[in-house]
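Here are my notes on the model, set out as numbered points. Please read them with the structure open beside the text.

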Amino acid sequence: MATIYEVADKAGVSLSTVSRVLNGKTTVNPALKAKVEEAMLALNYRPNSIARSLATSRSDSVGILVSELNSPFFGDLMQAVELTLRAADKHVIITVGHNNLETEQDAVEFLIGRNCDAIIMHAEAMSDEYLKTLNASRLPISLVNRQVNSVGEGCIVLDNEKGGYLATQHLISLGHKSIAYISGPSDKCDANQRLAGHKRALKEAGIAFTPNLVFEGDYTEEDGKAGLLELLSGDSPFSALVCANDWMASGAMSCARDLGMNLPQDLSIVGFDDAVFAHHVFPRLTTVSNPISDMAAMSARHILNVVYGYKDEVQTLFQPSLIVRESTMAYEA
């Protein structure tokens, strides 16, 4: 394998000139830069990324920590981050936290050990204090879909409360007054915010909140099925259902059809996220958009600004919107 010394010799320049070319310095004479690049090509020289990172204190790699891999939501997140960073000649290293404190912290240590310049994460279990310390004293972080005040512009979030409000308000506008709700887990901030939006819509319409019409799920398709069965077994009838994500909505729709229900005639259903399958299920799912790709790309731009000196404008708060399809209809008494 060719060395930097051989490149310098073949190009007829000093080692420092080759080093400046490799590190992207703009002060190199264009003619000398061309000679170095020609020598590198002729010798099939490949820069040693580890050595370069030691010299520049940058590895040009960014860690990504996500909760799971088996979800289109996180697939969209990772793709948006990778494409944004790749356009800036940066690379990503991906690891998974599984919504577990020990696993998330171990994943962070792994990424630090790989000399990542920063970490973009969708993390649930780590405390605000831990994330504050990490961002302030170890390396910059950016949080997707989580607000930690001390991280500031590094937090790229969705107005989840408004999203929950839009879902329920849509059903109320169709004349529904008995509306059930399958929430995400109560230890997740976004789940609590979406439920708060549901309650606000009910309150504005003068509809009493009924705890018996709420089932706490875990954002899985199976919880959508289990939630609908439990809600139907209660003594509070309902004509419409809001689910805190599309996976649970999909599970509820499947369960309803297995029970012989016609959708949306017997039950109107609204989801949340606008996952890729939302317009493939039958009937097509009315849902609330969650622009995760845009949010993830914005998170990457924040890291490019903070770590690599870019000057892109950063938007920290994103707004959801209601997408009306065929899974909801006006209430008929």
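1. Which residues in α2 meet which residues in α3? The model is a predicted one, and in it Thr17, Val18, Val21 and Leu22 are the residues of α2 that meet Leu32, Lys33, Val36, Glu37 and Met40 of α3.

2. Two packed helices are described by the angle between their axes and the distance between the axes. For helix α2 (residues 15-22) and helix α3 (residues 30-43), the axes come within 10 Å and cross at roughly 85°. Because angles of 65 to 115 degrees count as roughly perpendicular, α2 and α3 are described as roughly perpendicular to each other.

3. Turning to charged pairs, the structure holds nine salt bridges. One of them joins Asp60 and Lys90, whose closest N and O atoms are 3.1 Å apart. Asp60 lies in the loop between α4 (49-56) and β1 (61-66), and Lys90 in the loop between α5 (72-86) and β2 (91-96), so this salt bridge ties together parts that are 30 residues apart in sequence.

4. Is Lys90 buried or exposed? Lys90 is buried, with a relative accessible area of 11%, because buried means under 20%. Its partner Asp60, at 22% relative accessibility, counts as partly exposed.

5. A further salt bridge is formed by Glu161 with Arg200, and here the closest N and O atoms are 2.7 Å apart. This pair links distant parts of the chain, since Glu161 belongs to helix α8 (residues 160-173) and Arg200 to helix α9 (residues 189-204), 39 residues apart. Glu161 counts as partly exposed at 22% relative accessibility, and Arg200 likewise counts as partly exposed, at 31%.

6. Arg200 also meets the side chain of Glu204 in a salt bridge, with an N to O distance of 3.4 Å. Glu204 and Arg200 are four residues apart in helix α9, so about one helical turn separates them. Through salt bridges that share partners, Glu161, Arg200 and Glu204 are joined into one network. Within this network, Glu204 counts as exposed, at 52% relative accessibility, because exposed means over 50%.

7. Which residues make the nonpolar surface patch of about 250 Å²? The patch is made by Leu229, Leu232 and Leu259. Leu259 is placed in the loop between α11 (246-258) and β9 (268-270), and at 47% relative accessibility Leu259 counts as partly exposed.

Note on methods
Residues are numbered from 1 along each chain as its sequence is written. This is a predicted model: local features need pLDDT of at least 70, side-chain atom pairs count only at pLDDT 80 or more; totals for chains, interfaces and linings use all residues. Side-chain values use heavy atoms; hydrogens and water are left out. Patches are made of residues with over 30% relative accessible area and no salt bridge: like charges are joined within 9 Å, nonpolar side chains (Val, Leu, Ile, Met, Phe, Trp, Tyr) within 5 Å. Accessible areas come from the Shrake-Rupley method with a 1.4 Å probe; for residues, only the protein chains shown count as cover. A salt bridge is a side-chain nitrogen of Lys or Arg within 4 Å of a carboxyl oxygen of Asp or Glu. Helices (H or I, at least four residues) and strands (E, at least two) are DSSP runs, numbered from the N terminus. Buried means under 20% relative accessible area, exposed over 50%, partly exposed in between (1.4 Å probe, protein chains only). Axes are lines fitted to C-alpha atoms, for helices over the stretch in contact, and angles run from 0 to 180 degrees between N-to-C directions. Angles under 35 degrees count as roughly parallel, over 145 as roughly antiparallel, 65 to 115 as roughly perpendicular and the rest as oblique. Contact means heavy atoms within 4.5 Å.
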